[in-house]
Amino acid sequence: MRIRTFDEYQTAYQKSVDDPEEFWAEIAQNFQWRKPWTKTLQWNFTEPSVKWFIGGKLNITENCLDRHLAERGDQPAIIWEPNDPNEAGVTLTYRMLFDQVCRFANVLKRNGVVKGDRVCIYLPMVPELAIAVLACARIGAVHSVVFGGFSAQSIADRINDAQCKVVVTADGAYRGNKEIPLKSTVDDALIGCPSVQKVIVMTRTRTPVSMLKGRDVWWEQEVKQVTADCPAEEMDAEDMLFILYTSGSTGKPKGVVHTCGGYMVYAAYTFQNVFQYEPGQIHFCTADIGWITGHSYIVYGPLACGATSIIFEGVPTYPDYGRFWDIVDKYKVNILYTAPTAIRSLMGFGLEKVDNHDLSSLDVLGSVGEPINEEAWHWYDDHIGKNRCPIVDTWWQTETGGILISPIAGITKTKPTYATLPLPGVQPILVDENGKEIEGNGVSGNLCMKFPWPGILRTTYGDHERCRQTYFATYPGLYFTGDGCLRDEDGYYRITGRVDDVLNVSGHRIGTAEVENAINMHTGVVESAVVGYPHDIKGQGIYAYVITEGDAGGHDAELTKRDILATVSRVIGPIAKPDKIQFVSGLPKTRSGKIMRRILRKIAEGDTSNLGDTTTLLDPAVVDEIKAGAL
Ligand code: PRX
């Protein structure tokens, strides 16, 4: 499974293209299967239908836990670093984690969860989050983790879409110097969620919470009622493992579905190879488990490989902006995997808090979630890696399950801002607007994939047609990523950003349509249009053009802006709040009523010199007004 030289990479890559089934079958042998598969792959991108390791039976937790017990039962599986550095952390060995997962799996069963049921998890970054995820997988329940920054409304939408039976949450969460009331947010959500029968609440902040008789139970009391004996449920390779909601260019977030066999093989294979993980190394991925990065590279990938994975509850700037370096120093971290937005925000504080920590344990640095600019890349390389740690700029998506395009640490020659080359099994293709392949090097186009890899999404929950429409209909026969991409003279790939109406704000994926819908729910708002603009720290900022009725209820503009932000926070969550709101009297529309976003994007970017052809607009004068009032 392990690539050790560039030659080996090339050989593996060639084999993965010439004989993908044989290639992945060999890799999949490295896992524990209850029953071997009978056919490695069956697929078409028209329905679409993708099945890997057909007929194979397994349980991913046997691969992440049971099989490590004999050899590394006493090795740390999870190291938990609390928000407050003065609070004692927790280290869970593989044996302890196994014990706790089995116990909590029994708690889920005790509360009525059976194989196939959906469980919503809304927890802070505590060990119990990983435990709850794995406990679901243990009994074949489908987890749907919702990031702690989402609002009650967003939780309710996700719970209802998946018809979750149980919610696992905490009283509250600590994030920096804030205390966030999770249970009360869940209570608000559950007013509109008839499918939920039980809520399991763990204590973290011990803030007062209402506990509804018959519905709400305490985690701590429940685990006392059960044993640690919980045989793993036998799962089909194509049984659902989890749903993770993500934003698209239209409508509500979609529930991306990943299945047991292919996801496991792909998360582990990419973890091992991209980071060149060696047994005993400490891996620190700073993402939240509420996003795909946390699923694949805090929980499943590292644990399937028997690694030690750090879960960090807090934020990079608390109690000061040296927190990441403090953690690296304290636990002698070998692999650090973070997002460009974090690097850019820490860069701004200078080197004092970097230089007073020993970072010599670091071997590999990773970047994920958004394009990394050259300046941030060099800062990371010079000051964190001290020019001796390869940087892997890993490009992938919620839908891909694992990394698709990335250097292999220390093996692929890196180039700042380039995700470089596709991993074995990954067959990228660039196409033009009409879906025609753009061949050769030194070209750019829309990034698609022409062949499935084991970690590809299988469907969007409850709406397969939406999956087909979103990913497989734009360019028939291809999986469309939604990203623009450049392939340089060396055949290296550089992701240039989304070509659809999806924003990437601080590495968080947000649909412009979602934000518009939220703004439009505010009283007095007639219409809005949201676009992204370049932001020094966040990568992209959110710029909203808003039309209001009259004088918006007699309030001044500043107050109305704040009210709109409150509405967006309430509807989606604070992560979707616009950075800029400009009130306008009209939007540039074509005669057929389509908003010309190209113009709005240019104005938001501050580039008004050449707005292109505006003659097809219904009311060209509106553009001058918007230009004049641009923020
Ligand atoms: O635009 C790409 C960007 O993030 C999008 C996927 O977001 P999400 O599903 O939330 O997953 C993020 C973590 C994997 C992509 O369509 N993106 C992700 N990684 C990179 C990136 N853009 C440039 N470079 C990357 N390394």
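**Exercise 1. Find the contacts of Gly402.**
In this predicted model, which residues is Gly402 in contact with, leaving aside its neighbours within four places in sequence?

*Solution.*
Step 1. Locate Gly402: this residue sits in the loop between β20 and β21 (428-431).
Step 2. Set aside the neighbours within four places, and the contacts of Gly402 are Tyr266, Ala267, Thr270, Ser296, Trp396 and Gly455.
Step 3. Now look at Ile456, which is 54 residues from Gly402 along the chain. The C-alpha atoms of the two are separated by 8.3 Å.
Step 4. Finally, count the surroundings. A residue is buried if 20 or more other C-beta atoms lie within 10 Å of its own. Gly402 has 33, so Gly402 is buried.

**Exercise 2. Try the same with Val90.**
Is Val90 buried, exposed or partly exposed, and which residues does Val90 touch?

*Solution.*
Step 1. Val90 belongs to strand β5 (residues 90-93).
Step 2. Within 10 Å of Val90 there are 16 other C-beta atoms. The cut-offs are 20 or more for buried and 12 or fewer for exposed, so Val90 is partly exposed.
Step 3. Not counting residues up to four places away in sequence, Val90 touches Trp80 and Pro127.
Step 4. For a pair that is separated in space, take Val90 and Trp33: they are 57 residues apart in sequence, and 31 Å lie between their C-alpha atoms.

**Exercise 3. Read the two sides of a helix.**
Which residues of helix α15 (residues 374-384) are buried, and which exposed residues lie on the face turned away from them?

*Solution.*
Step 1. List the buried residues of α15: Ala376, Trp377, Tyr380 and Ile384.
Step 2. Check where they point. They cover an arc of only 105 degrees around the axis, so they sit on the same side of α15.
Step 3. Turn to the face directed away from the buried side, and you find the exposed residues Glu374 and Asp382.
Step 4. Ask what the buried residues meet: they pack against α13 (340-347), α14 (352-355), β19 and β20.
Step 5. Look just past the helix. α15 is followed by Lys386, which has a positive phi, near 50 degrees.

**Exercise 4. Spot the unusual backbone.**
Where are the cis peptide bonds that join Glu47 to Pro48 and Tyr318 to Pro319, and where do Arg206 and Ser506 have their positive phi?

*Solution.*
Step 1. Start with the background: most residues other than glycine have a negative phi, and most peptide bonds are trans.
Step 2. Between Glu47 and Pro48 the bond is cis, with omega about -5 degrees. Pro48 is in the loop between β1 (39-44) and β2 (49-54).
Step 3. Tyr318 and Pro319 are also joined by a cis bond, with omega about -5 degrees. Pro319 lies in the loop between β17 (308-312) and α12 (323-331).
Step 4. Arg206 is not a glycine, yet its phi is positive, about 50 degrees. You will find Arg206 in the loop between β11 (198-202) and β12 (216-218). With 9 C-beta neighbours inside 10 Å, Arg206 counts as exposed.
Step 5. Ser506, again not a glycine, has a positive phi of about 50 degrees. Its place is the loop between β26 (502-505) and β27 (508-511). Ser506 has 20 C-beta neighbours inside 10 Å and so counts as buried.

**Exercise 5. Describe the ligand's surroundings.**
How many residues surround the ligand, and which are the closest?

*Solution.*
Step 1. The count is 23 residues, and the closest are Pro371, Gln397, Thr398, Ile495 and Arg509.
Step 2. Elements that give two or more residues to this shell are α11 (292-304), β19 (364-368), β20 (391-394), β24 (479-487) and β25 (493-498).
Step 3. Sort the shell by type: seven residues are nonpolar, 11 polar and five charged.

**Exercise 6. Step back to the chain.**
Why can the chain be called as compact as a globular protein of its length?

*Solution.*
Step 1. Count the elements: the chain has 20 helices and 30 strands.
Step 2. Its radius of gyration is 24 Å, close to the 25 Å from the globule rule for 631 residues, and therefore the chain is as compact as a globular protein of that length.
Step 3. Add burial: buried residues make up 54% of the 631 residues.
Step 4. Place a record on the chain. UniProt, in an unreviewed entry, lists "domain: AMP-dependent synthetase/ligase" at residues 66-452. That span is 31% helix and 22% strand.

Notes
Residues are numbered from 1 along each chain as its sequence is written. This is a predicted model: local features need pLDDT of at least 70, side-chain atom pairs count only at pLDDT 80 or more; totals for chains, interfaces and linings use all residues. A residue is near a molecule or strand if its C-beta atom, placed from the backbone, lies within 6 Å of it. Helices (H or I, at least four residues) and strands (E, at least two) are DSSP runs, numbered from the N terminus. Ala, Val, Leu, Ile, Met, Phe, Trp, Tyr, Cys and Pro count as nonpolar, Asp, Glu, Lys and Arg as charged, and the others, Gly among them, as polar. The radius of gyration is taken over C-alpha atoms; the globule rule is 2.2 Å times the number of residues to the power 0.38. UniProt positions are given in the numbering used here, feature names are shortened, and annotations may be inferred rather than shown by experiment. The arc is that of the directions from the helix axis to the C-beta atoms. Two residues are in contact if their C-beta atoms, placed from the backbone, lie within 7 Å.
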